[in-house]
Amino acid sequence: MEELEKSIRVNKLIDFYGNLLTKHQEEIISLYFQMDLSLSEISEQLDISRNGVYDALKKGVALLEKYEEKLHLVQKDEELEKFFSKLKKNCSEEELILINKIESKVK
C-alpha cells in the first residue's frame with residue numbers, strides 16, 4: 001500500500017476507532033498521519049525516544065486495523081458512500097433532496 005493510501009486508510013480508522021486508543025497512541029498517530037510530522041519531530045515534541053514513537057505508531061495502527069477487522073465500520077461506511085453515489089445518479093432534484101436527507105440520517 002503506498003503512503004498516501006495508507007495515510008487515508010489510517011485517517012478513516014482514526015475517525016471511527018480513535019477514541020478506543022490510549023490518549024498517547026491517539027496523539028502520536030494524529031501527529032504522524034494528520035499533522036504529517038516525522039518520527040523525530042514527534043519524539044522531540046513529546047520528549048520520548050524516536051523508537052518509542054515508532055513502537056506506539058506500529059501498535060496503535062495494528063490496534064485500529066484489529067478493530068476494523070472485527071467491526072467493519074470503515075468498510076460499511078465506504079459501501080454506504082458507493083450506494084448513495086449510485087443512487088444520486090440520474091435522479092430528479094426532489095429525489096436528490098430526499099436522498100441527501102436520508103444519507104445525513106444514516107451517517
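I take helices (H or I, at least four residues) and strands (E, at least two) as DSSP runs, numbered from the N terminus.

**Entry 1. Ground rules**

I am working on a predicted model, where local features need pLDDT of at least 70, side-chain atom pairs count only at pLDDT 80 or more, and totals for chains, interfaces and linings use all residues. I number residues from 1 along each chain as its sequence is written, and side-chain values use heavy atoms, with hydrogens and water left out.

**Entry 2. Overall form**

I looked up the secondary structure and got 6 helices and 0 strands. Along the sequence, the pattern reads α-α-α-α-α-α.

I then looked up the radius of gyration, which is taken over C-alpha atoms; the globule rule I compare with is 2.2 Å times the number of residues to the power 0.38. The protein has 18 Å, where a compact globule of 107 residues would have a value near 13 Å. The box filled by the C-alpha atoms, taken along the principal axes, is roughly 55 × 25 × 25 Å.

For burial I use relative accessible area: buried is under 20%, exposed is over 50%, and partly exposed lies in between (1.4 Å probe, protein chains only). Of the 107 residues, 25% are buried.

I count a contact when heavy atoms are within 4.5 Å. Taking contacts between residues at least 6 apart in sequence, I find that 54% join residues at least 24 apart.

**Entry 3. The largest pocket**

I searched a 1 Å grid over the protein atoms alone; a cavity is a set of points where a 1.4 Å probe fits but cannot get out, a pocket is an open set with protein on both sides within 12 Å along at least five of seven lines, and lining residues have an atom within 4 Å of a point. Grid points are joined across faces, edges and corners, and a volume is the space filled by probe spheres set on the points.

The largest pocket holds about 180 Å³ of space. I list its lining as Glu-3, Lys-6, Tyr-32, Phe-33, Leu-39, Tyr-54, Leu-57, Lys-58 and Val-61.

Which helix gives the largest share of the lining? Helix 4 does, with 4 residues. Helix 1 (3–17), helix 2 (23–34) and helix 4 (50–71) each supply at least two residues.

I sorted the lining by class, with Ala, Val, Leu, Ile, Met, Phe, Trp, Tyr, Cys and Pro as nonpolar, Asp, Glu, Lys and Arg as charged, and the others, Gly among them, as polar. The lining has 6 nonpolar and 3 charged residues, and no polar ones.

**Entry 4. Leu-57**

I picked Leu-57 from the pocket lining; it lies in helix 4. Is Leu-57 buried or exposed? Leu-57 counts as buried because its relative accessible area is 7%.

Leaving aside neighbours within four places in sequence, I find Leu-57 in contact with Ile-28, Ile-29, Tyr-32, Phe-33 and Leu-39. From Leu-57 to Ile-28 the C-alpha distance is 6.6 Å, at 29 residues apart in sequence.

**Entry 5. Arg-9**

Arg-9 is in helix 1. I enter Arg-9 as partly exposed because its relative accessibility is 24%.

With which side chain does the side chain of Arg-9 make a polar contact? The partner is Glu-65, at 2.8 Å. A polar contact here is a pair of N or O atoms within 3.5 Å; within protein, one must be able to donate a hydrogen and the other to accept it, and residues adjacent in sequence count only if both atoms are side-chain atoms.

I also took the C-alpha separation of Arg-9 and Val-74, which is 8.9 Å at 65 residues apart along the chain.

**Entry 6. Two loop residues with positive phi**

Asp-47 sits in the loop between helix 3 (39–46) and helix 4. Its phi is near 55 degrees, a positive value in a residue other than glycine. I class Asp-47 as exposed because its relative accessibility is 71%.

Asn-90 sits in the loop between helix 5 (73–88) and helix 6 (93–106). Asn-90 is not a glycine either, and has a positive phi of about 55 degrees. At 83% relative accessibility, I class Asn-90 as exposed.

**Entry 7. Helix 6**

I looked up Ile-99, which lies in helix 6. Ile-99 counts as buried because its relative accessibility is 9%. Beyond neighbours within four places in sequence, Ile-99 is in contact with Phe-84, Leu-87, Lys-88 and Cys-91. The C-alpha atoms of Ile-99 and Lys-88 are 7.2 Å apart.

Glu-95 lies in helix 6 and is partly exposed at 42% relative accessibility. I put Glu-95 and Ile-42 at 48 Å apart, C-alpha to C-alpha, with their positions 53 residues apart in sequence counted as separation.
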